[in-house]
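Here are a few short exercises to work through with the model open beside you. Try each one before reading its solution.

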Amino acid sequence: PRLTAIYRWYSIRSVVFGSSYSGSSDSEASRPSLPNRESSHSKQQTGIIIIMPPKKKEEPATKPILGRFKSNLKVGVVGLPNVGKSTLFNTISGCAIPAENFPFCTIDPNSARVNVPDDRFNWLVDMYKPKSAVPAFLEVTDIAGLIKGAADGEGLGNAFLSHIQAVDGIFHVVRAFEDADVVHVEDRVDPVEDLEIIHNELRLKDLERCRAEKERLAKARQPANKGEHKDHMEACEVVLEWLEAGKDIRHNDNWTIKQIEWLNVVQFISAKPVVYLVNLSEKDYQRKKNKWLPKVHAWIQEHAPGSPMIPFSGALEQSLADMPEDERKVYCKENEVASALPKIIQTGFKAVNLIQFMTAGPDEVKCWQIREGSKAPQAAGAIHTDFERGFICAEVMHFDELKELGSESAVKAAGKYRQEGKGYTVLDGDVIFFKFNVTASKKK
């Protein structure tokens, strides 16, 4: 039996093997002739092309950053004995831990929370005049001096290296000042050689740990997750080869996502970011000149390209810390010097990939530190876990726009006050108001 096909055309494009048709009416004259049984085997047949909307592109996976994904990160002060580590820690934290002229004056690590200087925070405080004002902070740890052979246990080296493994970033202090009254453990002043000693000891400790990790993985006969075990073994072998070549883990931009995930679990020392601090005499710091500075800079460019180097004077910082504020201002103005501590703190804060967002109002202005790359719910969780669990949205304005326009109402009027959802990545300097709702079921 013949089958009768009834077509109704809605301005769609019909293609007859090489010729096109654009239907514009329902009249018989405007319709193409329908193929019958006799002509069904002819070369010309009618077909309809339906153009589907393009598929939504999947966002590429974001490559993780080396280091722990936490908001409470620590930076450890590291170096040889008697290079000014404890003096720096005392002045940066306002503490008064012993800083005597003999090696291993510090045994147990000392920690302190240090306020992060930020002009944006000061501007918000001046604008809102809140009852409470809380800046962001960085936790700094003073770690005892390492010596040559620390990786083999010399000078309590194993204990001190474990203290370094517990922090997330390093302030590496080297001595570039001459002082006969301050004993150097190597009986000379050579900051470049000091850098080599510490660099080698930390890498040797990583080598030892990586080999132990490879042995542990090899002994696992029946791992719970075979795929994950294979990934970890492959990552371990690649990292071991990198370390044996005399390179630090942080100086490879080509680690894969799986390798970075494994590295962030193991937490090798040479994967941690480093800020190099060169301790000068007050005279050299004031005149911005020292014979070792170009050599230290050249060493950093060769062995740690991209790592920041900051000259400072421990003697000057100690003197300034002992002065009343008004006297300190007069002294700095007369001698044309400024404390390096704000720059050191800010650089350390950025080095461990921390950023800060603000909450602001008449009751409180507060800066919250979070890891770079955090989504809006994670940022809300820095305030309280209920904020993350019951997250609805984040009302966001950026500080630069707020300062430019002068007020929150002006930001809204300019259309720059926006609502962001769970997928929003918080930026440094965002001023945020979170909306959330936690029901009894969610709390359970």
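**Exercise 1.** Which residues lie on each side of strand 8, and are they buried or exposed?

*Solution.* This is a predicted model, so take the strand limits from it: strand 8 covers residues 169-175. In a regular strand the side chains alternate between the two faces of the sheet. Now sort the residues by side: G169, F171, V173 and R175 fall on one, while I170, H172 and V174 fall on the other. Finally, apply the cut-off for buried, under 20% relative accessible area. Every residue in both groups is buried, which agrees with the count of 7 of 7 for strand 8.

**Exercise 2.** Find the strands that pair with strand 8, and locate the partners of H172.

*Solution.* Begin with the strand order of the open sheet, 5-7-4-8-9-10. Strand 8 is joined to strand 4 by 4 bridges, and the two run parallel. Towards strand 9 (residues 274-279) there are 6 bridges, again parallel. Next, look at H172: V78 stands opposite it, and its bridge partner in strand 9 is Y276. For I170, the partner in strand 9 is V274.

**Exercise 3.** Which strands form the edges of this sheet, and which strands does helix 1 touch?

*Solution.* The edges are strand 5 (110-115) and strand 10 (309-312), each pairing on one side only. Neighbouring strands are turned by 25° against each other on average, direction ignored. Helix 1 (residues 85-93) packs on the sheet and touches strands 4, 5, 7, 8, 9 and 10. To finish, compare directions: helix 1 makes about 40° with strand 5.

Notes
Residues are numbered from 1 along each chain as its sequence is written. This is a predicted model: local features need pLDDT of at least 70, side-chain atom pairs count only at pLDDT 80 or more; totals for chains, interfaces and linings use all residues. Side-chain values use heavy atoms; hydrogens and water are left out. Two strands pair if DSSP finds at least two bridges between them. Axes are lines fitted to C-alpha atoms, for helices over the stretch in contact, and angles run from 0 to 180 degrees between N-to-C directions. Contact means heavy atoms within 4.5 Å. Buried means under 20% relative accessible area, exposed over 50%, partly exposed in between (1.4 Å probe, protein chains only).
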